[in-house]
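Thanks for coming, everyone. Please look at the screen while I talk.

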Amino acid sequence: MKPRKVRCYRGYASVPARWNIEVFYTVPDMYLIKLFTCIECGEIFVIDFENPSFAGKTAQEIAGDTVCPKCGKPLRETIRPYPENFRTDDGREGHFEPERIIPPDSESFVKDLWELGV
Ligand SMILES: [Zn+2]
C-alpha cells in the first residue's frame, strides 16, 4: 500500500438529521480508478482496476491480508465501495450516489489516498 494522488469531485450527502456531509468521488465512466472505504473507521482507499494484475479480482481479493492503517481491522472484511457507503465522523453509516453528470475540471481537486494492492 502506498499513497497515490487521485482527482476527485465533491458531493454532499446526508444521514437522518444531518445534512451537507462532504464526500468525494471519481468519475467512473472515464477511468477505472475506484474508491473504497473501511466501513469500520471511514478511512478511504483507491484501487486502480486498470492494473493488469487485478484482472478478474474483487476489491476483497486485492485487499488480501492488508489491515486498515487507521483501525487495524482486516480490509478484506471491512472494505466497501465509496461513497456509495461511508462512515460519518460521528460513527454513522451513510450512502451516496454520485451524479452521472461529470462536473467541470475546475471543480475537481486532488486527494492523497492509500492505493491498495501495490
Ligand atoms: Zn479502518
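I will go from the overall layout to the strand pairs, the core, and then a few unusual backbone spots.

One caution before we begin: this is a predicted model.

Let's start with the overall layout. The protein has two helices and eight strands. Read from the N terminus, the order is β-β-β-β-α-α-β-β-β-β. So the two helices sit together in that order, with four strands before them and four after.

Now the dimensions. The C-alpha trace spans about 35 × 30 × 20 Å along its principal axes. How does the radius of gyration agree with a compact globule? For 118 residues, such a globule would be near 13 Å. The protein has 14 Å, so the two agree.

Here is one long distance to look at. Gly56 and Tyr9 are 47 residues apart along the chain. Their C-alpha atoms are separated by 27 Å. Where is Gly56? Look in the loop between β4 and α1. Gly56 counts as exposed because it has 5 C-beta neighbours inside 10 Å, and the cut-off for exposed is 12 or fewer.

What about contacts across the sequence? Take the contacts with a separation of 6 or more. Residues 24 or more positions apart account for 60% of them.

Strand pairing comes next. Follow β8, residues 108-115. Eight bridges join β1 to β8, and these strands run antiparallel. One example is Arg4, whose bridge partner in β8 is Leu113. Two bridges join β4 to β8, and here the strands run parallel. In this pair, find Phe45: its partner in β8 is Trp114.

Stay with Phe45, and we reach the core. Setting aside residues up to four places away in sequence, Phe45 touches Phe36, Leu113, Trp114 and Leu116. The largest nonpolar core has 21 residues. Phe36, Phe45, Val46, Ile47 and Leu116 have the most contacts inside it. Which elements each supply at least two residues of this core? They are β2, β3, β4, α1 and β8. There is a general trend behind this: in soluble globular proteins, nonpolar side chains tend to be buried together. Across the protein, buried residues make up 23% of the 118 residues.

Last topic: unusual backbone spots. As background, most residues other than glycine have a negative phi, and most peptide bonds are trans.

Which residues go against the phi trend? Ala17 is one of them, with a positive phi near 70°. You will find Ala17 in the loop between β1 and β2. Ala17 is exposed because it has 6 other C-beta atoms within 10 Å.

Asn20 is another case. Its phi is positive too, near 55°. Asn20, though, is placed in strand β2. Is Asn20 buried or exposed? It counts as exposed, because it has 7 C-beta neighbours inside 10 Å.

Now the peptide bond. Tyr82 and Pro83 are joined by a cis peptide bond, with omega about 5°. Look for Pro83 in the loop between β5, residues 79-81, and β6, residues 86-87.

To recap, keep three places in mind. Find β8, which pairs with β1 antiparallel and with β4 parallel. Find Phe45, among the residues with the most contacts inside the core. Then find the cis bond between Tyr82 and Pro83. Thank you.

Technical notes:
Residues are numbered from 1 along each chain as its sequence is written. This is a predicted model: local features need pLDDT of at least 70, side-chain atom pairs count only at pLDDT 80 or more; totals for chains, interfaces and linings use all residues. A residue is buried if 20 or more other C-beta atoms lie within 10 Å of its own, exposed if 12 or fewer, and partly exposed in between; C-beta atoms are placed from the backbone. A nonpolar core is a set of buried Ala, Val, Leu, Ile, Met, Phe, Trp, Tyr and Cys residues joined through C-beta atoms within 7 Å. Two residues are in contact if their C-beta atoms, placed from the backbone, lie within 7 Å. The radius of gyration is taken over C-alpha atoms; the globule rule is 2.2 Å times the number of residues to the power 0.38. Two strands pair if DSSP finds at least two bridges between them.
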